[in-house]
Amino acid sequence: MQQINLADGLVWFDNTLLSEADIGSVFEPEYWSKLNKVIGSAKGRGTTWFVQGEQVPMALRHYRRGGLFGKLVKDQYLFIGWERTRCYEEFMLLKHLRQCGVNVPRPLGAKANKVGTLFYRADILIELVSGARDLVALLKNSKVEHNVWYAIGEEIAKMHRAGVCHTDLNAHNILLDGDNQVWLIDFDKCEKREGKNWQQGNLNRLLRSFQKEKNKAGITFNEESHWRWLTEGYSTIQLTQ
């Protein structure tokens, strides 16, 4: 990982995958638009831009607050140190998960800028999982086979074995690519934890997500079969090494 200093902030990046000459500008959507390298976008709390880098396609996300407070302060966070910025923490957590063999997108770069003396704004670039769709989109129109449910459970167990609690584990944050390979995404505000008393809570949250999307989006989900296959896959991974 490389680090460069900016006038008002820091950038951390993987120079083997992010090789653009102007690293300070790659976190600005306008930079990619001028190069005609914006290949798509997705709306969420803000807009995630999909861009074509020199090495790999990437997803560019600006950190934004949610909830009522987010209507007042959209994208500023209290600064308590560079290594406590949300972008740096997510970047390092993704690196840790990759090193532990968990299938998450590669982190490519992170940028934090001071706003005055007390606050900062942040952006992150991660590898784009090309052709991937989230489980909600898939389950609205088709079934997911037994072996895929099993693989989802295995991937979650690998994440837990790495000591990472996904604080927003839901059906939208599980992707399948064109080869039905499972990916876990969106690790903002997630963290490493010790012990085992939090892992079942992660699974319970995911189950509630499936139940919610069954009623809201009409996804195909059967707790007696689909959830059982997922938990069977989960149980095959030894959680301690």
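How many bridges join strand β11 to β12, and which way do the two strands run? In this predicted model, β11 (residues 174–176) is joined to β12 by three bridges, and the two run antiparallel. To find your way into the ladder, look for Leu176: its bridge partner in β12 is Val182.

Now widen the view to the sheet around this pair. Three strands make up an open sheet, ordered β9-β11-β12, with antiparallel pairing. The edges belong to β9 (133–134) and β12 (182–184); each has a single partner strand, so one side of each is left without a neighbour in the sheet.

From here, let's turn to a pair of helices. Helix α5 (residues 146–161) packs with helix α7 (residues 223–235) at an angle of about 45°, and their axes are 6 Å apart. An angle that is neither under 35 degrees nor in the range 65 to 115 nor over 145 counts as oblique, and α5 and α7 are therefore oblique to each other. The crossing of α5 past α7 is right-handed. On the α5 side the contact is made by His146, Trp149, Tyr150, Ile152, Gly153, Glu154, Ile156, Ala157 and His160, while α7 brings His226, Trp229, Leu230, Glu232, Gly233 and Tyr234. Sorted by class, this contact has eight nonpolar, five polar and two charged residues.

Finally, consider the charged pairs. Ten salt bridges are found across the whole structure. In one salt bridge, the side chains of Arg61 and Glu90 meet at 2.5 Å, N to O. Arg61 sits in strand β5 (residues 57–62) and Glu90 in helix α3 (residues 86–99), so this pair ties together parts 29 residues apart in sequence.

How values were computed:
Residues are numbered from 1 along each chain as its sequence is written. This is a predicted model: local features need pLDDT of at least 70, side-chain atom pairs count only at pLDDT 80 or more; totals for chains, interfaces and linings use all residues. Side-chain values use heavy atoms; hydrogens and water are left out. Axes are lines fitted to C-alpha atoms, for helices over the stretch in contact, and angles run from 0 to 180 degrees between N-to-C directions. Helices (H or I, at least four residues) and strands (E, at least two) are DSSP runs, numbered from the N terminus. A crossing is left-handed if the near helix is turned anticlockwise from the far one by less than a right angle, and right-handed if clockwise. Contact means heavy atoms within 4.5 Å. Ala, Val, Leu, Ile, Met, Phe, Trp, Tyr, Cys and Pro count as nonpolar, Asp, Glu, Lys and Arg as charged, and the others, Gly among them, as polar. Two strands pair if DSSP finds at least two bridges between them. A salt bridge is a side-chain nitrogen of Lys or Arg within 4 Å of a carboxyl oxygen of Asp or Glu.
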